[in-house]
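Student: Could we go through this fold step by step, and reason from the coordinates to each conclusion?

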Amino acid sequence: MPIYLISYDIKEPKLLQRVAKRLQAEGLERILKSVFLGPIRSLNLRKLQRWLEQELTWDEKDRGSVVLIPLRPSQIDALMSIGPVQLDKEEIKGSKHTLFY
């Protein structure tokens with residue numbers, strides 16, 4: 001499953017909250033206030049792109065921008081963080097499994 005780094009710069013608080021909730025609903029991990037990271041299926045990515053385009057461009061106002069950057073698993077392994085952010089690289093790559101008993 002492809003891994004994406006998604007970052008946004010959105011001015012409207014309500015739209016910002018909707019976008020953040022949608023990204024979390026897609027299973028992406030919030031690593032900074034406006035940055036999400038994780039695997040996303042191609043079909044879900046296309047739906048997300050269409051939804052973001054509608055949300056950001058339904059009128060002529062500048063509502064903000066979203067950047068979607070595809071990453072390879074080797075790039076996830078090379079990620080470094082400074083500060084309190086703790087990255088679970090196996091979870092981000094989608095290779096961590098939880099067993100329920």
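Tutor: Before we begin, contact here means heavy atoms within 4.5 Å. Please also keep in mind that this is a predicted model.

Student: Leaving aside its neighbours within four places in sequence, which residues is V66 in contact with?
Tutor: V66 belongs to the largest nonpolar core, which has 17 residues, and is among the members that touch the most others. Once its neighbours within four places in sequence are set aside, the residues in contact with V66 are I6, S7, Y8, I10, L52 and L56.

Student: Which element gives the most residues to this largest nonpolar core?
Tutor: Strand 1 (3-10), helix 1 (13-25) and helix 2 (42-57) each supply at least two residues of the core. With five residues, the element that gives the most is helix 2.

Student: Which strands stand at the edges of the sheet?
Tutor: The sheet is open and has four strands in the order 2-3-1-4, with antiparallel pairing. One side of each edge strand is left without a neighbour in the sheet, because each has a single partner strand; these are strand 2 (29-32) and strand 4 (64-71).

Student: What is the bridge partner of R30 in strand 3?
Tutor: Strand 2 and strand 3 (residues 35-39) run antiparallel and are joined by three bridges. In strand 3, the bridge partner of R30 is F36.

Student: At what angle does helix 2 run to strand 4?
Tutor: Helix 1 lies across strand 1, strand 2 and strand 3, and runs at about 170° to strand 1. Helix 2, for its part, lies across strand 1 and strand 4, and its angle to strand 4 is about 165°.

Student: How far apart are the end C-alpha atoms of helix 1, and what span should its 13 residues have?
Tutor: At 1.5 Å a residue, the 13 residues of helix 1 should span 18 Å. The end C-alpha atoms agree with this, as they are 18 Å apart.

Student: What arc around the axis do the buried residues of helix 1 cover?
Tutor: The buried residues in helix 1 are L15, V19, A20 and L23. They lie on the same side of helix 1, because the arc they cover around the axis is only 135°.

Student: Which exposed residues does the face of helix 1 turned away from its buried side carry?
Tutor: The buried residues of helix 1 are covered by elements including strand 1, strand 2, strand 3 and helix 2. On the face turned away from that buried side, the exposed residues are P13, K14, K21 and A25.

Definitions and conventions
Residues numbered from 1 in each chain as written. Predicted model: local features only at pLDDT ≥ 70, side-chain atom pairs only at ≥ 80, totals over all residues. Heavy atoms only, no water. Core = buried A, V, L, I, M, F, W, Y, C linked by side-chain atoms within 4.5 Å. Buried < 20%, exposed > 50% of the residue type's maximum accessible area, 1.4 Å probe, protein only. Pairing = 2+ DSSP bridges. Axes fitted to C-alpha atoms, helices over the stretch in contact; angles between N-to-C directions. Expected span 1.5 Å × (residues − 1). Arc of directions from axis to C-beta.
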